Amino acid sequence: MSGGAWLPLLVLASSLVTGLVIFALPETSQRLRSSLNLAGALIKLGLVSVMLWGVYLGQQYEARYTLMPGIDFLLRADALAMLLVTLSAALWLFTTIYAIGYLEGSPHRSRFFGFFSLCVTATMGLALAGNLFTFFLFYELLTLSTYPLVVHRGSTQALRAGKLYLGYTLSGGAVLLVGIIWLHGLAGNVEFVHGGALADLDPALHGELIIIFILLIAGLGVKAALVPLHGWLPVAMVAPAPVSALLHAVAVVKAGAFGIVRVVYEVYGIEFAADLDLLLPLAVVASITILYGSLRALTQNDLKKRLAYSTVSQVSYIVLGTSLFGPIGTIGGLVHLVHQGIMKITLFFCAGNLAETLHIHRVSEMNGVGRRMPWTMTAFTIAAFGMIGVPPMAGFISKWYLGLGALNSGMDWVLLVLVASTLLNAAYFLPILHAAWFKPQQGPWPEERARGRLETSAWLLLPPLVTAALTLAVGLFAALAISPLEWARIITLREYVR
Amino acid sequence: MTPGLLYAITGALLFCLGLYGLLLHTHLLRKVLAFNLMGSGCFLVLVGLAQRGGQVDPVPHALVLTGIVVAVSATAFALMLVRQLYVETGRATLPGEGDDP
Amino acid sequence: MSPVLNWVAALDWIPWLLGVPLVFALLAFQFGARLAERLVVPVFGLGLLAATGLALQVLREGPQQHALGGWGAPLGIELYADGLTALMLLMTAAIGLAVVFYSRAYFRDDGRATGFWPLTGFLIGAMNALYLSADLFNLYVTLELLGLAAVGLVALSSGSAALAAALRYLLAALLGSLLYLLGVALVYGAHGTLALAQLTGLLQPGPLAWLVIALMTLGLAIKTALFPLYFWLPPAHGGAPAPVSALLSALVIKASFYLLLRLWFELFAPAINLPAAQFIGLLGAGAILWGSWLALQQRELKMLVAYSTVAQVGYLFLLFPLASFAPGAEAAWNGGVYHALSHAFAKAAMFLVAGAMVFAAGHGEISRLGGIGQQLPLGIFTFALASVSLMGLPPSGGFVAKWLLLEAALASGQWWWILVMMLGGLLSAAYLFRVLRQAFLPTPEDASFRRPPAMLVGSAFLLSLVALGLGLWANGTLTLLRVGAPFAGVTP
């Protein structure tokens, strides 16, 4: 192993070891657990920053281990991996802070934080995976480590959600596995490379390659919540707020979307996928998901459920961008991978704050809440505007590039989808904002704000404020060299210019 | 037909008879006896078929002797279990397999 | 290579593998449980060392042969060890050692220990002898010895249910071995030898060969509890004391499967036809689906685990149709053996930890195990790790096995087995999560827990780690398996 092998392994270890140690801690050693959690998250963020800088300078980080004859366990930090790795590392820190505040005094915290760390490890692993085999390892580890988080509360509803979640994700995993092994049989140990590796295969195999593509996308589409495979996502929101935040922003749905990005760009290669006529069907599925998710979000009264359907819709922007042939669409899809994460995690943090502080779970209960919790609702408002795509926020950048990309690739109808979706976004977010800021309060709050005190615990308030600020910043400073947009541009350049 | 083959065919018939008894009788003692019948059938086949060349083959003798030892110990063990079952339940049949005492 | 390893590899380990457990069994029988408990750890430790030494020799020098007492075939006993043998011996020794640690705590001040130790010695000795035997009649004798020791262990539990389970098991085992013996008699009659090495390639397609194949396969399928001949397994495995269940479910059924493998790929190979292999596979598929379905219906923890064995045995039999085409044959062989290995470790861990859970809760009713996660956190974690392997999820030995079997199915174009395996994986998740979800439920009000000895959970945990590790060190394991394997060198 070369020196560059240790960094990716250390990035994984920083949360894996933390998780395992936390499992062993007794329930009562709260201070130690919190310190460990934060230390792990900070160390990871530090390691990731070093790696990010190295990748920017063109350094190679690769760890390889032969697991079976012909099959390698391969971790490789390329530019695309760093997109998700950096996002996860940053948001893990915020979510950890948030979760420490959110779960204060509740039972089973060792179990919770242990699996929480495993979940982040799995996300990191699948981001860094250098081939489909390694990706699959972490993809399934993610399923297993999120199940305990979904059923954490142990209520009948939570266990039912857990059952549904497992049913969907394990079936998806099985389909994905068959696709991967099939591809393995045809093309050997397929590593992720820019431009894909399958274009040179015998044209007689193209029929099989199309079926494999469908299997892979179907398997990944379960986690990416592509319609009609999205059924688990709105149900899984019974989980505690930090879990929903993580699930919707970086972990599970992103794993699916990220996998689709890898398969299209670095297994098949976008040109080859276009040759096989695979992109148009993918774009259609993504568009249907975008519209369907938004429509369903409109009618939800439960706040977290409305956000969940919004996720169904928003994650498919990434898939949509992937299916647009041409660099600009690619940039739009990739950058949304980051933007959606930052915005959605803010929204879930805020929803959690409302539930935790004022026991507000429904949109209809939010009248006048802006005056009781102004900071929380400010963060919520920024993120909601970002989702709608109001300039200069994060979502606007994504939609702008997606629209341009659609025009460039000749799929003009996608513009209509984007416009319709934007209108629907506005239709389900604006009433919430209106009610919160302008409608009169309906009754006394269960807990009034004490003079000179924060509206809720500082642990809960800080993370959404930071992520809301990020939502603004990534839009305002999109031209800076370290912005997600620039990074997406670097990846795209490496993808198209070979 | 050589005598060897005759023995072998007799052995095969005994084996089938024993198999029939083992599967269809419910009384455990009969099952144990049926097992012994099957075993003897097997040994006859083993010795009978090996004598076809006209010369005496010593190997099957050694094998059958070993086989008999194994069968005897298995029978003893089975009888012990049957007796204990009878002491505990007052019946010599497996539960759910007929009711003869 | 270090000098210690060189020394280990230089000794002749084969007689030790046979003699030590048998001598231990006699001593334990003669001098009682107290002495046995003192002797058992060094004895089984030596067993593991011997198995490791033999594996090293096989890895370095290729297949090993040994004529017992200097007497070779035909009247003496010839022993033979290749990669498959070495792996099976290692598996037996490792699981045996873990079960020993467990049992010392489990049977403390328990009258059953008097019978348990000698029978376990005989069981392990018989199994080692079976794996090393190279002629058909010795295999019969070891098979019978193994069956008798196993039935004796089942009969350790008191009560008429245990006796009935033991008798049912005994009758099935005797029937199985007699069917096998009749096959042996026919082979000897036709070819005049019993040594597997000399018989390879001799059996030609024809009525006699088919009768032999049918008799031997049927007999061994009964002993391996292949669907629909599994009736004896759940009461015997589910009703026995936990360490016995672990030995039976993890190891004993693998012995008859191992024999079936040897016969199909060496003795029967020239006479096997496609429909026969497909038919065996069909029974395997039936086992996977029906066994899983029955496991879903169980209310008792140990019965659920026992029915899971019925289902998992099915995967082993998919090997036969999957290996019948040249592309994918090696992957199928590797996958089937790998499944046998990883199932052994995962199932032993699961039965042992189930015993600890029953001990802690005072009962085995799954629906009343709520709160077990707080009482036995490491226990439920062990159960979860073992489940991961049984479900075939990464990273675990079960996953490697599933990967290889799926690879074989895709390479040979037998897509119907893929559907069976996918469905089987999901069904296993369905029944295993019935237990795992209890960890997240609140403790029932009328529940009272007592703390089991640490060794109970500890030894199970180690086994589950090995099941996991098999997924990470597949390369070395497969290299050992390739020594002397029927498909070695055939590229898939």
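Contact here means heavy atoms within 4.5 Å. Keep that in mind as you look through these close-ups of a predicted model.

**Figure 1. Where chain A and chain C touch.** Each partner brings residues to this meeting place: 29 residues come from chain A and 29 residues from chain C. Together they bury an area of about 2,700 Å². Carbon and sulfur atoms give 82% of that area. On the side of chain A that touches chain C, the elements giving two or more residues are strand 1 (62-68), helix 5 (132-150) and helix 6 (156-187) of chain A. Helix 6 of chain A supplies the largest share, with 12 residues. Sorted by class, this side of chain A holds 22 nonpolar, five polar and two charged residues.

**Figure 2. Polar links across the interface of chain A and chain C.** How many salt bridges does the rule find across this interface? The count is zero. For polar contact, the rule finds two residue pairs, both at pLDDT 80 or more.

**Figure 3. The buried face of helix 20 of chain C.** Look along residues 474-482 of chain C and you will meet the buried residues C:Ala474, C:Thr477, C:Leu478, C:Leu480 and C:Leu481. Seen down the helix axis, these buried residues fall within an arc of 155°, so they line one face of the helix.

**Figure 4. The neighbours of helix 20 of chain C.** Its buried residues pack against helix 3 (33-61), helix 4 (83-106), helix 14 (329-361) and helix 17 (397-411) of chain C. Strand 1 of chain A is also a packing partner. Just after helix 20 of chain C, look for C:Gly484, which takes a positive phi of about 80°.

Notes. Residues are numbered from 1 along each chain as its sequence is written. Chains are lettered from A and ligands numbered from 1 in the order in which they are written. This is a predicted model: local features need pLDDT of at least 70, side-chain atom pairs count only at pLDDT 80 or more; totals for chains, interfaces and linings use all residues. Side-chain values use heavy atoms; hydrogens and water are left out. Buried area is the accessible area (1.4 Å probe) that two parts lose on being put together, summed over both. A salt bridge is a side-chain nitrogen of Lys or Arg within 4 Å of a carboxyl oxygen of Asp or Glu. A polar contact is a pair of N or O atoms within 3.5 Å; within protein, one must be able to donate a hydrogen and the other to accept it, and residues adjacent in sequence count only if both atoms are side-chain atoms. Helices (H or I, at least four residues) and strands (E, at least two) are DSSP runs, numbered from the N terminus. Ala, Val, Leu, Ile, Met, Phe, Trp, Tyr, Cys and Pro count as nonpolar, Asp, Glu, Lys and Arg as charged, and the others, Gly among them, as polar. Buried means under 20% relative accessible area, exposed over 50%, partly exposed in between (1.4 Å probe, protein chains only). The arc is that of the directions from the helix axis to the C-beta atoms.
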